[in-house]
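The exercises below are meant to be worked through with the sequence and the model side by side. Try each task before reading its solution.

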Amino acid sequence: KAEDGYRLWLRYDKIDDAALLQQYRSQIGSVSFENTSPTLSIAKKELLTGLEGLLNKKITGGKSINNRIVVLLKPKESGGKTTADYNPLGKEGFSILTIDKTKNIIVITANTDIGCLYGVFHFLRLLQTHQSIQNLNITSVPKIQNRILNHWDNLNRHVERGYAGLSIFNWHELPGYIDQRYIDYARANASIGINGTVLTNVNANALVLTKDYLQKVKALADVFRPYGLKVYLTARFSAPIEMGGLKTADPLNDSVRLWWKAKADEIYALIPDFGGFLVKANSEGQPGPQNYGRTHADGANMLADAVVPHGGIVMWRAFVYSNETPEDRFKQAYNEFKPLDGKFRKNVLLQVKNGPIDFQPREPFSPLFGAMPQTPLMMEYQITQEYFGQGTHLVYEAPLFKEVLDADTYASGKGSTVAKVIDGSLQNYSITGMAGVANIGNERNWTNHPFGQANWYAFGRLAWNHDLSSAQIADEWIRQTFGNEAKLVSTIKNMMLASREAVVNYMTPLGLAHIMGTGHHYGPAPWVSNAGRADWNPVYYHRADSFGIGFNRTATGSNALAQYAPEVQKQWNDSNTCDEKFLLWFHHVSWQHKMNSGRNLWNELCAKYQQGVDTVRWMQQQWSSLKNFVDEERFKQVQMFLTVQEKDAEWWRDACLLYFGTFSKMPLPINYEKPG
Ligand code: GCU
């Protein structure tokens, strides 16, 4: 069916397990909503549509006594219908409780209508994934407050690093025409708890802040509001000059400050729940406070002051590095921001990419995590696959997200994981956030590769609850998206869980990074040394020579390791004990270096590249075995993409090994396939 991709994980087809269907049918007779609001109308429609699809029967809105699902807000007077404990639920959490076992009454309840909507989606997920709905006692509260998609979408609909068509936001037609897709987008986000969206690219010009465009933004905000999805915009730092006719954008200049205050007031008059601004400043050519000799804190605080009367926040990006600084790029964000800890307003979050460089298939966690106890740090992940085979490679990113969340910063001793830093529990942050650069476009199936949907899904689920494992999230996504047959679920899950490591192996094994084609970032180009900026050159990162390969970041090199806690340094600062996943991130190692496998480094590199290719071939076989389990359209699509991925994996392997072999001067292992 052509709509299979469009429906994402929100498929409510009739349950195909006859016994289970029978059981659910007997357990669910009617639905009642005790309160009304636009959000609750959405919840009601979702619940009725979902149940009618899954159970293939008409559900009444009546109040039959037994087998009822009741959705209600916290009752005004105590002693109401539920035994729920509302305090811990906060503004977005929910409980799903079986309150009467004999009459079989299930209550979905929350303090707020959006909490009820989240509860409804959770309840439907139980059925979609064939869970028991007997004696339910579920409470779920998000661990992170701001769970935000970052669209790198331009107003002309080109998406920077977007591989799924054009932007879904059609600015030309707004505000007059509301595409159904906006509603479906908001609904999909609500179903996984995403509660914010930055509509514009971090590199955007100031146009979106003009009066006419703000009307368009308002139209989107009005559509998204009942789904709990707040709208944010990027703020181009030089907007006061470009739009306001001022001579400067100096954050300490009174006219500039007044300009931003007035702009914020104008936005909030249209969109009272506007979320705030995301800013890329003094990075990759973008203007910022340093153009005026001011600090990042001065810039962020000016914007923070403008939005604070309205309850807004500023997400200031820590992705800064300069080609003019002779310092290792790895170290620059930390050097820039660490001294500013405690200097930001209370409504500022510093948005830090997961690793110190730039969304590589594998990076160590950014040393900023844990290093700024007085400044809320939020995580920035890249869901779109810029360095991950873009629109055509099957990569499940949850293992990458989890690897970073689970990493121990040792900021306050053992167990100081990155997850605890960003959820605020370690350093008592008052605001918390997680951002993901969106992989969504106007392709019929939203993400181009059907498995790209899993990454959008995993981002939302982890932002809500970072304790979930990659396998759990894959499991529920597969069941909702493809079906519940045991073979189908286990086969796809195994593929997904192996996929990220496969890409690491065929692109950048053993801690290599940033050796892709410059500019487009798709294929291999480790030989490039004239990219325009030294710090964009692959040779800057891999440093291969006749002795060996890798970037020495120990005390005898750039000493970036010193930015981590002593315990972390200890883990990584000896090339003989360093986790081999990170070896070449921190060490320049001889081609003869003996690896854990017993091979020397060169042979290990060859083996890893080959392993990456082999895993893709294995994924192809696995997928082929699912022909009778998946609809033809998605089956063929994934099959063709896997063929592309296999060719690309071979290309990466051959190009990298032929090139690195000119330094190692060692032969390819005997069983190595001849480059095609
Ligand atoms: C990467 C990406 C850019 C993007 C930048 C950023 O470098 O290639 O397109 O603008 O990250 O995060 O700001």
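**Exercise 1.** Leaving aside neighbours within four places in sequence, find which residues Asn154 is in contact with, and decide whether Asn154 is buried or exposed.

*Solution.* Bear in mind throughout that this is a predicted model. Begin by locating the residue: Asn154 is found in the loop between strand S6 (146-150) and helix H4 (180-191). Next, setting aside the neighbours within four places in sequence, one finds Asn154 in contact with Glu160, Asn201 and Ala204. Asn205 is 51 residues away from Asn154 in sequence, yet their C-alpha atoms are 8.6 Å apart in space. Finally, count the surroundings: Asn154 has 21 other C-beta atoms within 10 Å, and because 20 or more make a residue buried, Asn154 is buried.

**Exercise 2.** List the residues that surround the ligand, and sort them by class.

*Solution.* The shell consists of Glu160, Arg161, Val202, Asn203, Lys280, Glu284, Phe319, Asp358 and Glu386. Sorted by class, these are two nonpolar, one polar and six charged residues. Glu160, which is part of this shell, is also one of the contacts of Asn154.

**Exercise 3.** Determine how helices H2 and H3 are oriented to each other, and describe the residues of their contact by class.

*Solution.* Take the geometry as the starting point: H2 (residues 38-55) and H3 (residues 113-128) pack at an angle of about 10°, with axes 9 Å apart. Since angles under 35 degrees count as roughly parallel, the two helices are roughly parallel to each other. On the side of H2 the contact includes Leu40, Ile42 and Leu47, and on the side of H3 it includes Ile114, Val120 and Phe121. Its residues divide into 12 nonpolar, three polar and two charged.

**Exercise 4.** Work out how many residues of helix H13 are buried, and what covers them.

*Solution.* H13 (residues 470-481) has 12 residues, of which nine are buried, among them Ile473, Trp477 and Ile478. The elements that cover these buried residues include H3, helix H10 (398-406), helix H12 (452-464) and helix H14 (486-507).

**Exercise 5.** Compare the surroundings of Tyr410 and Asn448, neither of which is a glycine.

*Solution.* Most residues other than glycine have a negative phi. Tyr410, however, has a positive phi of about 55°, and Asn448 has a positive phi of about 70°. Tyr410 lies in the loop between H10 and helix H11 (418-422) and is partly exposed, with 19 other C-beta atoms within 10 Å. Asn448, in the loop between strand S13 (433-437) and H12, is buried, with 25 such atoms within 10 Å.

Definitions and conventions:
Residues are numbered from 1 along each chain as its sequence is written. This is a predicted model: local features need pLDDT of at least 70, side-chain atom pairs count only at pLDDT 80 or more; totals for chains, interfaces and linings use all residues. A residue is near a molecule or strand if its C-beta atom, placed from the backbone, lies within 6 Å of it. Ala, Val, Leu, Ile, Met, Phe, Trp, Tyr, Cys and Pro count as nonpolar, Asp, Glu, Lys and Arg as charged, and the others, Gly among them, as polar. Axes are lines fitted to C-alpha atoms, for helices over the stretch in contact, and angles run from 0 to 180 degrees between N-to-C directions. Helices (H or I, at least four residues) and strands (E, at least two) are DSSP runs, numbered from the N terminus. Angles under 35 degrees count as roughly parallel, over 145 as roughly antiparallel, 65 to 115 as roughly perpendicular and the rest as oblique. Two residues are in contact if their C-beta atoms, placed from the backbone, lie within 7 Å. The expected span of a helix is 1.5 Å times one less than its number of residues. A residue is buried if 20 or more other C-beta atoms lie within 10 Å of its own, exposed if 12 or fewer, and partly exposed in between; C-beta atoms are placed from the backbone.
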